[in-house]
Every structure is written in C-alpha cells, then in structure tokens.
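Biologist: Could you take me on a close look at the metal site in this model, and at what surrounds it? I would enjoy one connected walk through the details.

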Amino acid sequence: MLLKIVQAGDPVLRQVARPLSAKEIGGREIRELIEAMKETMRDAPGLGLAAPQVGHSLQLAVIEDRPEYTKDASADVLAERERKPVPFHVIINPKLTLLNEPSVEFFEGCLSVSGFMAVVPRARRVHVECLDEHGKKKVIEAGGWYARILQHEIDHLNGTLYLDRMHTRTLSTLENYNRYWKDKKTDEIRSLFVR
Ligand code: ZN
C-alpha cells in the first residue's frame with residue numbers, strides 16, 4: 001500500500017517522534033507500517049523514509065540505496081560522494097553520534113520538500129545505535145553517502161528538516177539542480193555559497 005508523504009508545513013514533521021516499545025516492534029501494526037513505508041520509498045523513489053513523513057510520529061525509518069539509482073552516475077561523482085549501494089533496512093529508536101564535524105557539502109533533497117534541493121553540510125562518519133525490525137540491538141558505523149542518509153532520516157525523527165541545516169543560498173528547484181548542479185564537484189558547488 002502506498003502512503004501519502006506529507007509536505008513541509010505539516011506539524012508532524014516538526015514534532016519529536018516517540019520511541020517504539022518492545023511490544024509494538026513485533027506487532028502487526030508496525031510490521032504493516034514498515035512494509036508500506038518500504039513500498040512508498042521505492043515508489044517515490046527515495047533513499048530513506050521516516051515515519052513522520054507518512055504522518056506517524058514514531059522513531060522509525062527505512063533506508064535503501066539501490067544500485068539502479070546510480071547506474072547513470074560517473075565513477076568520479078560516486079567516488080567523491082562516497083556513494084555505494086545500501087541494502088534495505090529498518091532503524092528504530094536510533095541514537096546518532098557524529099564522528100566528525102559536519103563539513104561534507106553536497107546537494108540533498110527530501111520527499112517532504114518536494115521539488116527542491118540544497119547543499120547541506122554533513123558529517124562524513126557516524127555511529128548509530130538502534131533496534132532493527134525484530135527489536136534486536138544493532139550498531140551501524142557508516143561513512144560517506146550512507147552517513148548522510150542516516151543523518152537526514154534521524155533528523156526527521158527529531159523534528160528537523162534539511163532546510164534547517166542547508167546553505168540557504170544554494171536552494172534550487174529540482175529542474176535547475178538537474179540542469180546546473182547534478183554532477184558538479186564540491187569546489188564548483190562551493191562557488192554557489194562561498195563569497
Ligand atoms: Zn527527508
């Protein structure tokens with residue numbers, strides 16, 4: 001089942017989501033929500049989807065970076081972004097630790113800020129402690145683009161959007177992003193906001 005993705009301005013995106021209990025995690029409602037979020041993320045398509053984006057103020061997000069999403073990107077672009085495929089997985093009640101300053105600057109977008117992109121500084125490496133969909137404890141050490149996805153999704157669970165962290169001068173429509181900025185190197189992107 002495809003869920004409706006709420007857009008910026010919806011109060012649910014600004015709430016701190018509540019943690020899931022052990023009992024809820026195994027339950028049918030959450031299993032069905034996870035399945036629907038997976039379908040909705042793939043349909044969009046997106047690299048992640050947090051429960052608040054589909055109207056549920058819960059500490060739950062799904063993540064997946066499929067090889068087909070980058071099949072047209074050059075090796076250079078993927079290497080600079082440190083972007084590699086990430087298999088589908090679920091994070092519940094995550095605790096995020098940034099292992100570096102947020103200084104890696106690339107464009108990112110959000111399914112809840114439809115039609116726009118902006119440059120957002122993110123930490124290159126992160127440490128995440130969370131539960132998986134079975135309630136099992138999981139530790140994730142991530143770098144590069146995957147670390148960016150985790151920071152973006154966990155921000156959603158705390159009521160934060162990339163708009164709060166972006167370099168405001170870089171806000172671009174999706175059309176102009178594809179036209180001017182899509183495959184640019186960091187140096188060229190920096191020319192947009194460093195003056
Ligand atoms: Zn988002």
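Modeller: Happy to! Let's start with the pattern along the chain: the donors of the zinc ion are spaced as C-x41-H-x3-H. Please keep in mind that this is a predicted model. The cysteine of that pattern is Cys-110, which offers its SG atom, while His-152 and His-156 each offer NE2; these protein donors lie 2.0 to 2.2 Å from the zinc ion. Two of them come from distant parts of the chain: Cys-110 belongs to the loop between strand S4 (102-109) and strand S5 (116-123), whereas His-152 belongs to helix H4 (residues 144-157), and 42 residues separate the pair. As for exposure, Cys-110 and His-152 are both buried.

Strand S4 and helix H4 meet again through their side chains. Phe-106 of strand S4 and Trp-145 of helix H4 make an aromatic pair, so parts that are 39 residues apart in sequence are tied together here too. The geometry of this pair is tilted, with 5.9 Å from centre to centre and 55 degrees between the planes. Both rings belong to buried residues, Phe-106 as well as Trp-145. Trp-145 has a further partner: the charged end of Arg-148 is placed over its ring, 5.2 Å from the centre.

Now for the other aromatic groups. The whole structure holds three aromatic pairs, and one aromatic cluster is made up of Phe-107, Tyr-177 and Trp-181. Within that cluster, Trp-181 also has a lysine over its face, namely Lys-184, at 6.0 Å from the ring centre.

To finish, let's turn to the sheet. An open sheet is built from five strands in the order S1-S2-S3-S6-S7, with antiparallel pairing. Its edges are strand S1 (48-50) and strand S7 (137-143); each has a single partner strand, so one side of each is left without a neighbour in the sheet. From one strand to the next, the twist averages 40 degrees. At the S7 end, strand S6 (residues 125-131) runs antiparallel to S7 and is joined to it by seven bridges; among them, Val-126 has Ala-142 of S7 as its bridge partner. Towards the S1 end, helix H2 (residues 28-43) lies across S1, strand S2 (60-65) and strand S3 (86-98), at about 40 degrees to S2.

Conventions:
Residues are numbered from 1 along each chain as its sequence is written. This is a predicted model: local features need pLDDT of at least 70, side-chain atom pairs count only at pLDDT 80 or more; totals for chains, interfaces and linings use all residues. Side-chain values use heavy atoms; hydrogens and water are left out. Two strands pair if DSSP finds at least two bridges between them. Helices (H or I, at least four residues) and strands (E, at least two) are DSSP runs, numbered from the N terminus. Axes are lines fitted to C-alpha atoms, for helices over the stretch in contact, and angles run from 0 to 180 degrees between N-to-C directions. Contact means heavy atoms within 4.5 Å. Donors are N, O and S atoms within 2.8 Å of the metal (3.2 Å for Na, K and Ca); water is not among the atoms, so sites may look incomplete. Buried means under 20% relative accessible area, exposed over 50%, partly exposed in between (1.4 Å probe, protein chains only). Rings of Phe, Tyr and Trp (its six-membered ring) pair if their centres lie within 6.5 Å; planes under 30 degrees apart count as stacked, over 60 as edge-to-face and the rest as tilted. A charge sits over a ring if NZ of Lys or CZ of Arg is within 6 Å of the ring centre and within 35 degrees of the ring normal.
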